[in-house]
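Got your viewer open? Here's a walk through one model, stop by stop, with something to select at each.

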Amino acid sequence: MNLSARQLRAFVALADERHFTRAAQRCHLTQPAFSALIRQLEDSAGLRLFDRNTRHVELTAEGRVLDASARRLLADMDLVMEDMHDHAARRRGRVALAALPSLAAGWLPGLLARFGQAHSGIVVDLRDALLDPCLDMVQSGQVDFAVASRRADMTDLDSEFLHADRYFLVCRADHPLASQPRVRLRDIARHPVIQLARGSSVRKHLDAAFGADAPMPVFEVEHLATVTGLVRAGLGVSVVPAMTLFHFASNDLRIVPLAGRALTRPLYLVQRKGRSLSVAAQALVELLIAHRGDIGGAGHQAEG
């Protein structure tokens, strides 16, 4: 038995009004069209659902059985449609995104706070991870999209350029390079260098820039907070992108631009190829794109 919402609403209207003309008006139908709906419903059920004569309309015993179920089904349909309308209006939903740790710590928090204020019914699930895990989560469908770099294997992934994150030297204020207006990579390579782990996007782009002259790091660590502590202790210098410089904003440390052609880490919005984003996820993507210029901070963007 195939029931349509239109048939069920006509049935409930007739059960309430007990009059074909009034029920047809309630459903915004002509009486012949309304009568045809009721007839189709009874034919489909193989049962008489109403007793009618020239004076009144009454539910049959079978009609009373359908009445309770019809009202419950219509209530459920209304709830589903209300839920869909809430999602379409960005009042409800869920967004899962992955982001490189530097972005998750520096650029995203303020934007996520703004998004939450504008869309309080949307739940945001943030996963901070290194490059490969970020992109793996997009490929597997664990997250809607990622804010990350690209890698050699971008199978089943689409990427939209977001920002070119420039690199800077960070060192102690009393380091020989601290007083230079700009420094070259080959000058940096003469000093002990602290590096992030090879799995990080920061390290991958830096190794490519150094090429065969890449220095052996004196320390190779997972977290930028550790890099900061090691630099502050005078154990070496580091080269990091602008997005991470908030870690090094201190009177005892210096941030120095690199000389020559700008060394950058390209950042992208990455999602699965051929997969549409939900309304909620698209709303967050639009916010991130609108504020892509904030990555790294305006002051460091202007240098060089």
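What follows is a short tour of a predicted model, from aromatic pairs to open and closed spaces.

**Stop 1: the aromatic pairs**

How many aromatic pairs does a search of the whole structure find? The count is three, and we'll visit two pairs here.

Select Phe11 and Phe50. Their rings sit 5.2 Å apart, centre to centre, with 50° between the planes, and the pair is classed as tilted. Now colour by secondary structure: Phe11 belongs to helix α1 (residues 5–17) and Phe50 to strand β1 (residues 50–52), so this pair links distant parts of the chain, 39 residues apart. Turn on a surface and you'll find that both Phe11 and Phe50 are buried.

Next, pick Phe20 and Phe34. Here the ring centres are 6.0 Å apart and the planes meet at 85°, so this one is edge-to-face; the cut-off for that class is over 60 degrees. Phe20 is in helix α2 (residues 20–26) and Phe34 in helix α3 (residues 31–45), so the pair ties together parts 14 residues apart in sequence. Are these two buried or exposed? Phe20 is buried at 15% relative accessible area, and Phe34 is buried too, at 0%.

**Stop 2: two loops with positive phi**

Stay around these helices and select Arg18, in the loop between α1 and α2. Check its backbone: phi is positive, about 55°, although Arg18 is not a glycine. Its relative accessible area is 43%, which makes Arg18 partly exposed.

Then move along to His28, in the loop between α2 and α3. His28 isn't a glycine either, yet its phi is positive at about 60°. With 74% relative accessibility, His28 counts as exposed.

**Stop 3: Asp132 and its partners**

Jump to Asp132, in helix α7 (residues 131–140). What does Asp132 touch, leaving out residues up to four places away in sequence? Show side chains and you'll see Arg151 and Lys204. Put a distance label between the side chains of Asp132 and Arg151: they make a polar contact at 3.1 Å. Asp132 is partly exposed, with 29% relative accessibility.

While you're there, try a C-alpha to C-alpha distance from Asp132 to Ser149: you should get 9.3 Å, for residues that are 17 apart in sequence.

**Stop 4: a charge over a ring**

Select Arg150 and Tyr268. Arg150 lies over the face of Tyr268, 5.7 Å from the ring centre.

**Stop 5: the largest pocket**

Now for open space. The largest pocket holds about 300 Å³. Its lining has 18 residues, and to centre your view on it, select the closest ones to its centre: Pro101, Ser102, Leu130, Glu222 and Leu224. Which helices each supply at least two residues of the lining? They are α5 (101–106), α9 (201–210) and α10 (224–232). Of the lining, α5 gives the largest share, with three residues.

**Stop 6: the closed cavity**

Last stop. Counting cavities of 30 Å³ or more gives one, and the largest cavity has about 30 Å³ of space. To frame it, select Arg166, Tyr167, Phe168, Pro257, Leu258, Ala262 and Leu263, which line it. Strand β6 (residues 157–172) contributes the largest share of that lining, three residues.

Definitions and conventions. Residues are numbered from 1 along each chain as its sequence is written. This is a predicted model: local features need pLDDT of at least 70, side-chain atom pairs count only at pLDDT 80 or more; totals for chains, interfaces and linings use all residues. Side-chain values use heavy atoms; hydrogens and water are left out. Rings of Phe, Tyr and Trp (its six-membered ring) pair if their centres lie within 6.5 Å; planes under 30 degrees apart count as stacked, over 60 as edge-to-face and the rest as tilted. Helices (H or I, at least four residues) and strands (E, at least two) are DSSP runs, numbered from the N terminus. Buried means under 20% relative accessible area, exposed over 50%, partly exposed in between (1.4 Å probe, protein chains only). A charge sits over a ring if NZ of Lys or CZ of Arg is within 6 Å of the ring centre and within 35 degrees of the ring normal. Contact means heavy atoms within 4.5 Å. A polar contact is a pair of N or O atoms within 3.5 Å; within protein, one must be able to donate a hydrogen and the other to accept it, and residues adjacent in sequence count only if both atoms are side-chain atoms. On a 1 Å grid over the protein atoms alone, a cavity is a set of points where a 1.4 Å probe fits but cannot get out, and a pocket is an open set with protein on both sides within 12 Å along at least five of seven lines; lining residues have an atom within 4 Å of a point. Grid points are joined across faces, edges and corners, and a volume is the space filled by probe spheres set on the points.
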